[in-house]
Amino acid sequence: MIPTQAEVKRIEEIRRLLQQASYAYYVLDAPIMEDTVYDRFYRELQELETQYPELITPDSPTQRVGERPATHFTSVRHNIPLYSLENAFNVEELQSWEQRWRRHLPSQYSPGDIEYVAELKIDGAALALTYENGVLTRGVSRGDGVMGEDITQNVRTIRSIPLRLNFDGLANIEKVEVRGEVFLPLDVFQQINEKRQKAGEQVFANPRNAAAGTLRQLDPRIVAQRQLDFFAYTLHITGLDDSSIANTQWEALELLQKMGFRVDANHKLCHTLEEVAEYYQYWDTERLNSAYMTDGVVVKLNSFRLQEQLGFTQKCPRWAIALKYAAEEAPTRVERITVNVGRTGALTPLAEMLPVQLAGTTVSRATLHNSDRITLLDIRIGDTVIVRKAGEIIPEVVRVIKELRPADTQPFIMPTHCPVCGQPVVRESGEAVTRCVNASCAAILKGEIEHWVSRDALDIKGVGEKLVHQLVDKGLVHSVGDLYDLTPEKLCALERMGQKSAEKLVSAIAKSKNKPWSRVLYGLGIRHVGSVNAQLLTEKFTTVEQLTAARQSDIEGVYGIGAEIAQSVYQWFRISANQTLISRLQAIGLQFISTEEPKAAGDINEKFAGKTFVVTGTLPTLKRDEAKALIQKAGGKVTDSVSKKTDFLVVGEDAGSKLEKAQALEITQLSEAQLLEMLKI
């Protein structure tokens, strides 16, 4: 079938509109198009490209995600080497750097001619992007600076990296190369780790490692789910004198924004080294309030002409330096190494240490992740170690001071049998995690029940960690289904459990039978399935029978569900013990069918349509779930985390970090009364 001229023109028009909308949203942070409108245009483009695949171009928005997983990455040579920067760790070393480059300063320059650009050093992974005739053709990791890996298919999934340059003046230039940093915003990093922890997976130690590891994922769909971001900071143009467009680093940063890239807004033009020092000292404390990790300041001479004249040493440019912040670290001693067993059977070693103050908190435990990490550190009981807060969040052991090691220490060896149930543990090929695979293990059972009763799952009030341990240890519960067989008489046999408390608990368990299908699916604890994924799955598969019968490809076809999640869900429903559990829970009366009806047009409140809400803190009269349900019923969308996409934050008492972030982003705050007024209840 041959497309008409009108259809060709329509495809080009939609691509232009979507590119403009993405630029406004991801770079300017000033949306010009509603999400629903964007989605409608996107679907229309997909349909046209499906009908006429010969019209698909590499810069089409539909090509961001969709390539098949790679089998490996190819090593390629950088067009221009990525030099390392010389490091300085205080203002005195910065002054020494200035004295060194001034010895190479051409005679025509006077001190008044010198300007510096100070930029925050983003703690992520360096990336080199190549554009030919304005279209992205290659994305390469830093590697050793000379050779890197071609990760173009993963780079295409990063929304803040344009597939086509947004600046017409460069569209016909032979080649443009852009350097920058791929990173994970702290809120996204925290969300990823929370999901991984709930799924029984190893958490990432810090945002930098998570970003670098994500870039090397063979499946670009997984990369897309991680929500990587990108700041551009260097521009090279082939076939054109750079100075005809930009004479300075400051002008280059402005040009990068015009081209469609995000540029960190915190860069500063400094006329003296004293101004640079003030900038560095200001961000030494202010960086703790940043939405992303920074580990220093990059200082560059502003003039491109001067940069060219100063040139490079053997390893680094003379005209730039990284002025780094010292990571907050502290020494302590390892008292013992214990091993925890999570609800998925994952064995996680923990260093139990003498308490030490770090980044404003008392730290006494640090994860050692897995046996590979223990081997790498060669950590032993009795060792003096250096610990730090990775990403200002997770305590980690950085290194062992072996000179202080007691003479009688022995290497720590991960157990070959589960420390809880005594059954042999396994380590699957290609995995770093050691697992207990005994489904009857008390630790796994306790984790499953704690997950089942948690707030985002069945939300059974009164069933806390201590009670769960009693129920399992006393043999009263062997699966989540046994919770519904509990009676006040059985519960009264437990410590500190009176008749009234027992009756109240049995009533709370019974009420959980009314929780919707999405909550039940999340409560089942299927690996990789979080509360948001559970909602997406139950919207598509409105009954458990539909989900059980679904092929893996059907599950993967749900928007927002990747291959890893689809495989996990598909395999879980193939296990006979899980099928037996479903049948039992159905007989008990749990909800395995979606009862939500599509909203009628008249039910949607125009004040809520297309708006995103976050609810935080304790509201005066409404429970959080009730507030969320009211918002959703009115046509609004409710998410768990605050971002630039959030329109309203509904605030109750004891609101924490979400309120602080909303204030920083200048997001409108609503009290419960204001929310009800909008709803007109």
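The questions and answers below concern a predicted model of a protein.

Visitor: How many helices and strands are in the protein?
Guide: Both kinds of element occur in this model. The count is 24 helices and 22 strands.

Visitor: What radius of gyration does the protein have, against that of a compact globule?
Guide: The chain holds 681 residues. A compact globule with 681 residues would come out near 26 Å. The value for the protein agrees with that, at 28 Å.

Visitor: What does the C-alpha trace span along its principal axes?
Guide: The spans are given along the principal axes of the protein. They are about 95 × 80 × 50 Å.

Visitor: Among contacts between residues at least 6 apart in sequence, what share joins residues at least 24 apart?
Guide: Contact here means heavy atoms within 4.5 Å. Of the contacts between residues at least 6 apart, those joining residues at least 24 apart make up 68%.

Visitor: What share of the exposed area do carbon and sulfur atoms supply?
Guide: The protein exposes about 34000 Å². Of its 681 residues, 48% count as buried. The carbon and sulfur share of the exposed area is 49%.

Visitor: How far apart are the mean positions of the positive and negative charges?
Guide: The protein has 80 positive and 89 negative charges. Their mean positions are apart by 4 Å.

Visitor: Which residue does UniProt list for "active site"?
Guide: The UniProt entry is unreviewed. The residue it lists lies in strand 3, residues 116–122. It is Lys121.

Visitor: Is Lys121 buried, partly exposed or exposed?
Guide: Buried means under 20% relative accessible area, and exposed means over 50%. Lys121 has 22% relative accessibility, so Lys121 counts as partly exposed.

Visitor: Which residues is Lys121 in contact with, leaving aside neighbours within four places in sequence?
Guide: The list includes a run from Met293 through Thr294, Asp295, Gly296 and Val297 to Val298. It is completed by Ala322 and Lys324.

Visitor: Which elements cover the buried residues of helix 12?
Guide: Helix 12 spans residues 442–452, and eight of its 11 residues are buried. Among them are Leu445, Ile449 and Trp452. The cover includes strand 12, strand 18, helix 13, helix 16 and helix 21.

Visitor: Is Lys633 buried or exposed?
Guide: Lys633 sits in helix 22, residues 624–633. The cut-off for exposed is over 50%. With a relative accessible area of 62%, Lys633 is exposed.

Visitor: How far apart in space are Lys633 and Asn87?
Guide: In sequence, Lys633 and Asn87 are 546 residues apart. In space, C-alpha to C-alpha, the distance is 55 Å.

Conventions
Residues are numbered from 1 along each chain as its sequence is written. This is a predicted model: local features need pLDDT of at least 70, side-chain atom pairs count only at pLDDT 80 or more; totals for chains, interfaces and linings use all residues. Side-chain values use heavy atoms; hydrogens and water are left out. Helices (H or I, at least four residues) and strands (E, at least two) are DSSP runs, numbered from the N terminus. The radius of gyration is taken over C-alpha atoms; the globule rule is 2.2 Å times the number of residues to the power 0.38. Buried means under 20% relative accessible area, exposed over 50%, partly exposed in between (1.4 Å probe, protein chains only). Accessible areas come from the Shrake-Rupley method with a 1.4 Å probe; for residues, only the protein chains shown count as cover. Lys and Arg count as positive and Asp and Glu as negative; His and the chain ends are not counted. The place of a charge is taken as NZ of Lys, CZ of Arg, CG of Asp or CD of Glu. UniProt positions are given in the numbering used here, feature names are shortened, and annotations may be inferred rather than shown by experiment.
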